[in-house]
Amino acid sequence: MKKLLELKNVSLTYQTMTDEIQALNGLSFDCAEGEFISIIGPSGCGKTTILSLIAGLIEPTTGRILLDGKELSNCQENLGYMLQKDHLFPWRTIEKNVYLPLEIKGINTKENKDYADSLLKNYGLEDFKKKYPDQLSGGMRQRAALIRTLASKPKLLLLDEPFSALDYQTRLAVCDDVYRIIKAEKKTTILVTHDISEAISMSDIIIVLTHRPAKVKSIHHTDLDGNTPLSRRESQKFGFWFEKLWKELN
């Protein structure tokens with residue numbers, strides 16, 4: 001498969017008033033088109049920092065980040081970033097929230113709005129598009145947030161613990177919803193999570209990081225049965241992977 005994202009020997013050092021803090025040290029990995037990758041690691045090791053680097057919000061101290069073979073600064077419009085909270089604007093309808101990236105990027109054409117409308121229809125929100133965020137359940141809001149992220153047709157999706165604000169039962173259902181949409185739209189995805197079970201159930205590949213300054217400790221290609229996160233949790237291999245990753249992290 002073609003490589004879509006490449007991190008090559010990426011390091012990041014923060015400057016404080018009194019000291020330097022190295023967050024990442026020689027981090028290298030790549031992501032091929034269509035893959036779903038999860039990044040896990042000890043608390044505070046820099047998982048979200050990696051997404052910020054890929055999104056171009058901060059620059060690495062050393063190393064290179066390539067998207068589709070080009071320097072990241074030349075192709076940030078090909079990225080979609082979904083945060084821990086849905087951050088839907090309460091004064092805008094769901095439809096208007098979904099259109100927001102098109103307005104920001106200056107691509108608010110009929111064709112692109114029609115595509116956004118088709119996402120709302122295909123994934124069960126057409127009847128709610130004139131509603132406001134506070135009229136939707138937490139799971140529906142998160143689905144709307146994903147559709148908003150997809151509306152501008154990004155090549156790469158970045159998910160920063162997007163289910164952490166949901167209760168456990170809703171979280172399981174929304175994981176299935178989000179996974180189904182991502183696979184249907186054939187999107188390459190990188191998920192940051194502290195939840196080992198979530199990483200196992202959703203990912204093709206799991207990257208384990210070391211303590212800070214973070215580097216890649218191991219990369220695992222999962223081979224679970226099932227085509228949804230819930231069904232993958234029932235796989236006979238699920239327990240093996242959980243124990244293996246738990247030991248690596250602890």
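This is a short chat about the sheets and helices of a predicted model.

Me: How many helices and strands does the chain come to?
Reply: The model is predicted, and the secondary structure of its chain comes to eight helices and 10 strands.

Me: What about the overall size, what box do the C-alpha atoms fill?
Reply: Taken along the principal axes, the box is roughly 50 × 45 × 40 Å.

Me: And which radius of gyration does the chain have?
Reply: The chain has 18 Å. A compact globule with 250 residues would have a value near 18 Å, so the two agree.

Me: OK, sheets. What is the strand order in the open sheet of four strands?
Reply: The order is β2-β1-β4-β5, and the pairing is antiparallel. At the edges are β2 (20-32) and β5 (70-71), each of which pairs on one side only.

Me: How many bridges join β1 to β2?
Reply: Nine bridges join them, with β1 covering residues 3-15. One residue to look at is Y14, whose bridge partner in β2 is I21.

Me: Which helix packs on that sheet?
Reply: Helix α1, residues 47-54, packs there and touches β1, β2 and β4 (62-67). The direction of α1 makes about 115° with that of β1.

Me: Now the sheet of six strands. What is its order?
Reply: That open sheet runs β6-β7-β8-β3-β9-β10, with mixed pairing. Its edge strands are β6 (79-82) and β10 (216-221). The twist averages 15° from one strand to the next.

Me: Do β6 and β7 run parallel or antiparallel?
Reply: They run parallel, joined by four bridges, and β7 covers residues 156-160. Y81 stands opposite L158 in β7.

Me: Which helices pack on this one?
Reply: Helix α1 packs on this sheet, touching β3 (36-40), β6, β7, β8 (188-192) and β9 (205-209). Helix α8, residues 238-249, packs on the sheet as well, touching β3, β9 and β10. The direction of α8 makes about 175° with that of β10.

Me: Switching to helix pairs. At what angle do α4 and α5 pack?
Reply: Helix α4 (residues 138-150) and helix α5 (residues 168-184) pack at about 25°, with axes 10 Å apart. Angles under 35 degrees count as roughly parallel, so α4 is roughly parallel to α5.

Me: Is the crossing left-handed or right-handed?
Reply: α4 passes α5 in a right-handed crossing.

Me: Which residues make the contact?
Reply: From α4 they are G139, Q142, R143, L146 and L150. From α5 they are T170, V174, D177, V178, I181 and I182.

Me: How do those divide into nonpolar, polar and charged?
Reply: Six are nonpolar, three polar and two charged.

Definitions and conventions. Residues are numbered from 1 along each chain as its sequence is written. This is a predicted model: local features need pLDDT of at least 70, side-chain atom pairs count only at pLDDT 80 or more; totals for chains, interfaces and linings use all residues. Side-chain values use heavy atoms; hydrogens and water are left out. Two strands pair if DSSP finds at least two bridges between them. Helices (H or I, at least four residues) and strands (E, at least two) are DSSP runs, numbered from the N terminus. Contact means heavy atoms within 4.5 Å. Axes are lines fitted to C-alpha atoms, for helices over the stretch in contact, and angles run from 0 to 180 degrees between N-to-C directions. Angles under 35 degrees count as roughly parallel, over 145 as roughly antiparallel, 65 to 115 as roughly perpendicular and the rest as oblique. A crossing is left-handed if the near helix is turned anticlockwise from the far one by less than a right angle, and right-handed if clockwise. Ala, Val, Leu, Ile, Met, Phe, Trp, Tyr, Cys and Pro count as nonpolar, Asp, Glu, Lys and Arg as charged, and the others, Gly among them, as polar. The radius of gyration is taken over C-alpha atoms; the globule rule is 2.2 Å times the number of residues to the power 0.38.
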